Amino acid sequence: MKKRLVVVGGGVAGVTAAIEARKLDKDVKITVLDRESRMHYSHCGLPFVLSGVVDSFDRLILFDEGFYRRLDLNVILNAEVCSVDTEAKRVCYLEGGKSCCVEYTSLILATGSLPCKPKVEGIDNPNVFYAKTMDDFKKLNEVVSKGKSCVVLGAGLIGLEIAAALRQRGLEVSVLECAESVLCGMFDKDVSQVVEHHLAGSGIKFLLGASLKEVRGIGRLCAVTSREKIECDFIVVAAGVKPNTVLAESMGLKVEDGVVVDERMMSSIEGVFACGDCVQCVHCVHGGSVLSQLATAALREAKVAGANAVGVKKRFTSVSNAVVSELAGLSVGSVGLTEANAAKNRITHVSGKYSGLDSVEYWPERGRITVKLVANTNGVLIGGQVVGAGADGVVNLLCLAIRKKASLEELSSMETCYTPPLSPVVNPLSMAAEIALKKLALKSGKK
Ligand SMILES: Cc1cc2nc3c(=O)[nH]c(=O)nc-3n(C[C@H](O)[C@H](O)[C@H](O)COP(=O)(O)OP(=O)(O)OC[C@H]3O[C@@H](n4cnc5c(N)ncnc54)[C@H](O)[C@@H]3O)c2cc1C
């Protein structure tokens, strides 16, 4: 049979894998199946349409039909894949109620993730919304124009992006989070407090260390939490996502937290690859398996899956989970391990935190920047957290530094650039490294 690649899922992972396969093999027949009704779009941009910064949902659709046609990618929308026969190498799907099948020589699963749904009474209320797909955000966008107050469930990055967007639209916003701090996966509590104070300053209310117990009401809602009752017009659930492994499991693939893949992104069944939010990957610091659930990781994994699926050898090693965002005008980012994560992975560590001006004292529009570094007790960098202007650049630099196993010594003495409008003379990153070095010296008994 002629080489035939079938990709299940037309999100960033599926589409990137298909494009990579086409770049490397001009002859392979490529079919991409997705159950959604529109071409691949940017999930990451959805909160910014909600805030009004991006003027329409259509702007998030990344490529038009002509793009796929030119690459000879057969994209089939409204196609729900129901089963895969790995013996016969056949994918069966429902397209508009009609059963169809397509055969493959290699298969890529890029089925993404599903939103976590709290198991509480009343959660199926029509005024409870989710924040995963464009359709979810379109529904949310409609209710925003009618409502005055809302509760956002979850203070992770997506929850806070939504909270900031809804506040920008003039709503009263309460964020409910069961952890004791916001962004607890990204930041230690001392850094997350900087973000919390900033968002509280913009008018967002926080109820931390409390969980949702029940949703009551018809029309106007009452969110019953473990601490208090909050009246609101609607609730947005942004309580995390879990890998969508439904199809993988039905096919008998090895699944732990996500689909298990090797360095080729090949699953436990020969010729079946997986990439994106549905897989688990290796963390570059501790070597354990983690869920990345970031578009950047999905993209890198997909290029490897797409190449190997057409016989070109490529390897995907690990993730450092570099993440960045802008929340009500504040840039935030992190990479690698926080102190809490390091402790959880039994890595003895030190940290250094610098908080100060992001430019020189005399610059009129100066702001503040916080940089926190985490290193193991050999002085090797294992994580970084940044709040303030230029967080994306600092995180990117730290990404490479972690991969290269840079030492605190190297970071404290590295050559940096400077100009008054953009930076202080001594780089905040070097300052944080110097502080961590001092703690390390104390810990090891040196002066
Ligand atoms: C609101 C929001 C903001 C985000 N912001 C950022 C950000 O700023 N930076 C960042 O790095 N990441 C961000 N992310 C995460 C990022 O969007 C995801 O990591 C990325 O979309 C994962 O891509 P994927 O292709 O694996 O999965 P998805 O994009 O979820 O695509 C999976 C596709 O598979 C299809 N599918 C699943 N099962 C089937 C089936 N049985 N049959 C047919 N089709 C199927 C689904 O319809 C879906 O289209 C954000 C996510 C959201 C929701």
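**Close-up views of a predicted model**

**View 1. The loop that holds Asn78.** Asn78 sits in the loop that links β3 (73-76) and β4. The model shown in this and the following views is predicted. Asn78 is a residue other than glycine, yet its phi is positive, near 55°. Is Asn78 buried or exposed, or something in between? Asn78 counts as partly exposed, because its C-beta neighbours inside 10 Å number 15, and the partly exposed class lies between 12 or fewer for exposed and 20 or more for buried.

**View 2. The open sheet that begins with β4.** The loop of Asn78 leads to β4, and β4 belongs to an open sheet of 3 strands in the order β4-β5-β6. The pairing in this sheet is antiparallel. Which strands form the edges? They are β4 (79-85) and β6 (98-103), each of which pairs on one side only. From one strand to the next, the twist averages 25°. Between β4 and strand β5 (residues 90-95) there are 6 bridges, and these two strands run antiparallel. Within this pair, Val84 stands opposite Val91 in β5. In a regular strand, side chains alternate between the two faces of the sheet.

**View 3. The open sheet of 5 strands and helix α1.** On the other side of the Asn78 loop is β3, which is part of an open sheet with 5 strands in the order β3-β2-β1-β7-β18. Here the pairing is parallel. The edge strands are β3 and β18 (272-274), and each pairs on one side only. On average, neighbouring strands of this sheet are turned by 20° against each other, with direction ignored. Strand β2 (residues 29-33) is joined to β3 by 4 bridges, and the two run parallel. One residue to look for is Ile30, whose bridge partner in β3 is Leu73. Which strands does helix α1 (residues 12-24) lie across? Helix α1 lies across β1 (4-8), β2, β3 and β7 (106-109), and runs at about 175° to β2.

**View 4. Strand β10 and its two partners.** Strand β10 (residues 149-153) is mostly covered, with 4 of its 5 residues buried. A total of 5 bridges join β10 to β11, and the two strands run parallel. Cys150 has Val173 as its bridge partner in β11. How does the chain cross from β10 to β11? The chain passes through helix α5 (residues 157-168), and this β-α-β crossover is right-handed. Strand β10 is also joined to strand β16 (residues 234-237), by 4 bridges, and this pair runs parallel. There, Val151 stands opposite Ile235 in β16.

**View 5. From β11 to β12.** Strand β11 (residues 172-177) is joined by 4 bridges to strand β12 (residues 205-208), and the two run parallel. The bridge partner of Glu177 in β12 is Leu208. Together with helix α6 (residues 189-201), strands β11 and β12 make a right-handed β-α-β unit.

**View 6. The surroundings of Gln385.** Gln385 lies in strand β25 (residues 381-387). Is Gln385 buried or exposed? Gln385 has 31 other C-beta atoms within 10 Å, so it is buried, the cut-off being 20 or more. Which residues are in contact with Gln385, once its neighbours within four places in sequence are left aside? They are Met186, Phe187, Asp188, Val191, Ser334, Thr338 and Lys372. Of these, Val191 falls in helix α6 (residues 189-201). Lys205 is 180 residues from Gln385 along the chain, and 24 Å separate the C-alpha atoms of the two.

**View 7. The loop that holds Lys405.** Lys405 is in the loop between α10 (391-403) and α11 (408-413). Its phi is positive, about 55°, although Lys405 is not a glycine. With 14 C-beta neighbours inside 10 Å, Lys405 counts as partly exposed.

**View 8. The contact between domain 1 and domain 2.** The protein chain is divided into domain 1 (4-114 + 242-309), domain 2 (117-239) and domain 3 (329-443). Taken over C-alpha atoms, the centres of domain 1 and domain 2 are separated by 29 Å. How many residues does the contact take from each of these two domains? It takes 11 residues from domain 1 and 12 residues from domain 2. On the side of domain 1 that touches domain 2, the residues divide into 7 nonpolar, 2 polar and 2 charged.

Terms used. Residues are numbered from 1 along each chain as its sequence is written. This is a predicted model: local features need pLDDT of at least 70, side-chain atom pairs count only at pLDDT 80 or more; totals for chains, interfaces and linings use all residues. Domain bounds come from an automatic or database domain assignment. Two residues are in contact if their C-beta atoms, placed from the backbone, lie within 7 Å. Ala, Val, Leu, Ile, Met, Phe, Trp, Tyr, Cys and Pro count as nonpolar, Asp, Glu, Lys and Arg as charged, and the others, Gly among them, as polar. Two strands pair if DSSP finds at least two bridges between them. Axes are lines fitted to C-alpha atoms, for helices over the stretch in contact, and angles run from 0 to 180 degrees between N-to-C directions. A crossover is right-handed if, with the strands pointing away from the viewer, the path from the first strand over the helix to the second runs clockwise.
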